[in-house]
Amino acid sequence: MAITRQVITSLQRDGTDMLGTKALAVKIVDESIVSGSLLTVESNHFCVLKSRGAVLNVYETGQYALTTPDKPLLGSIAQGFFGGSSPWVFEVIYINRSKLLVRNTGIATSAEMAEMAYQVDYYIHVDSKQAALDLITHLPFNGNFIDTREVAEYAGPAIEQAINQVVQVTKMEDINEHISDIREIVKNHLTDFLKIYGIMLNDLKVLILPKDDRMRELISLQALGLTPVEAVRYYLALRMAEKGLVSAPNAAAGMPFNIGGQPTGMYSVNGDTGLGGGSV
C-alpha cells in the first residue's frame, strides 16, 4: 500500500496495481488511516471500509475523505491525542471488479471406469457493491489476499460433481459427443455456487481427455477410421519406428517378419554334397 500525505490507494509506488490479474481482493489494515485521510478507488475496483469488524461504507470509483464513526475529528488532532496513531483501526478492502481467469483441473471416471482428465477455464468478476459485500462476508481471507487459486479450491467440488453426472454414465469414446451437455451442466452448477460469494460467472470452457497418453493416441487412430485391432497395430508400429526397428511396417500390416532370405524354390542334393540323394 502507498500512503503519501494521508492518501490510501491500491497503486504501489512503481505504479502497479496490488490486485493485478490474480487477486480478487486485498485487505489493508493501517493505524495511520485516520479521519480526513483520502481514500482513492480506481475504475476497476470496489472498496469496503470497515472498523472494529463493522462495515462502514462501500465505495465505487472516486476519491473520498474518511470520517471516523464517532466524531469527525481531524487526523492531526487524533494523532496528537493518541500518540501518533488513531484509536479507530480501519480496514480498507479493495475488490477487483475486472474479469479474472480461473482454472480447475481434476479426474473423472467413465462408464468403463477409465480415468478421464478434465480442465475447466472460466472468467469471473464482481459486478456490484452488494456482491463485494457478499464476497468478503462468505469467502475468508488467506492472509491479506483472496486470489483466483482460492476461488478454484472452493469451486472444485462443485465442478467435479457436475462433470461426473455425465461422464460416469458415458463410454469413454462417446464423451466428446456430450461435451455441450457437460458444459451446460457445469455452467449452471458453477453459476449457482459462485453466486453465494457474490461472484458472477462469465465464459466457460470444458476440455475432457483420457488421462493415459496411450489411450488418447489409440482413440485418435480410431478416429481415422481404423478398427480397434488396426489401431493397436498402428500404435505398436509407431512406437517401434521411434526405436528404429525395421520390423515396424510388418507390425502395421500384421505380417510376420523373417530374418534372412526368403526360400525361392527347390534345390537338388546330389551325392557330391555328401547329403545323400533326394531334393530340398
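1. A residue counts as buried when its relative accessible area is under 20% and as exposed when that area is over 50%. By this cut-off Pro210 is buried, since its relative accessible area is 9%. The model discussed here is a predicted one, and the points below should be read with that in mind.

2. As to the overall make-up, the protein has seven helices and 12 strands, and buried residues account for 35% of its 280 residues. Of the contacts between residues at least 6 apart in sequence, 65% join residues that are at least 24 apart.

3. Pro210 belongs to strand β12, and, leaving aside residues up to four places away in sequence, Pro210 is in contact with Glu115, Met116, Ala117, Met172, Met215, Arg216 and Ile219. A further relation concerns Ser110: the two residues are separated by 100 residues in sequence, yet their C-alpha atoms are 9.4 Å apart in space.

4. Ser110 itself sits in the loop that runs between β9 (100–109) and β10 (115–125), and it is counted as buried because its relative accessibility is 1%. Beyond residues up to four places away in sequence, Ser110 touches Met116, Val167, Gln168, Thr170, Met172 and Ile175. Met116 and Met172 are thus among the contacts of Ser110, and they are also among those of Pro210.

5. The largest pocket has a volume of about 150 Å³. Its lining consists of Met116, Met172, Glu173, Asp174, Ile175, Asn176, Ile208, Leu209, Pro210, Arg216, Ile219 and Ser220, so that Pro210, Met116 and Met172, discussed above, appear here again. Both β12 (200–210) and α5 (213–223) contribute at least two residues each to this lining, and by class the lining comprises seven nonpolar, two polar and three charged residues.

6. Two residues deserve a check of their backbone angles, given that most residues other than glycine have a negative phi. Arg52, although not a glycine, has a positive phi of about 55°; Arg52 lies in the loop between β5 (45–51) and β6 (54–59) and counts as exposed, with a relative accessibility of 66%. Met113, likewise not a glycine, has a positive phi of about 65°; this residue is found in the loop between β9 and β10, and Met113 is exposed, its relative accessible area being 62%. The loop that holds Met113 therefore also holds the buried Ser110.

7. Helix α3 (residues 148–167) has 20 residues, for which a span of 28 Å is expected at 1.5 Å a residue, and the 26 Å between its end C-alpha atoms agrees with that figure. The helix nevertheless bends by about 45° at Ala155, and a proline, Pro157, follows within four residues. Val167, one of the contacts of Ser110, falls within the residue range of α3.

8. Helix α6 (residues 228–242) has 15 residues and reaches 21 Å from its first C-alpha to its last, close to the 21 Å expected at 1.5 Å a residue. Within α6, the residues Ala231, Tyr235, Ala237 and Met240 are buried, and the buried residues of this helix pack against α5 and α7 (248–253). An α-helix has 3.6 residues a turn, so residues three or four places apart point the same way. After α6 comes Gly244, whose phi is positive, near 80°.

Methods:
Residues are numbered from 1 along each chain as its sequence is written. This is a predicted model: local features need pLDDT of at least 70, side-chain atom pairs count only at pLDDT 80 or more; totals for chains, interfaces and linings use all residues. Side-chain values use heavy atoms; hydrogens and water are left out. Buried means under 20% relative accessible area, exposed over 50%, partly exposed in between (1.4 Å probe, protein chains only). Contact means heavy atoms within 4.5 Å. The expected span of a helix is 1.5 Å times one less than its number of residues. The bend at a residue is the angle between axes fitted to the seven residues ending there and the seven starting there. On a 1 Å grid over the protein atoms alone, a cavity is a set of points where a 1.4 Å probe fits but cannot get out, and a pocket is an open set with protein on both sides within 12 Å along at least five of seven lines; lining residues have an atom within 4 Å of a point. Grid points are joined across faces, edges and corners, and a volume is the space filled by probe spheres set on the points. Ala, Val, Leu, Ile, Met, Phe, Trp, Tyr, Cys and Pro count as nonpolar, Asp, Glu, Lys and Arg as charged, and the others, Gly among them, as polar.
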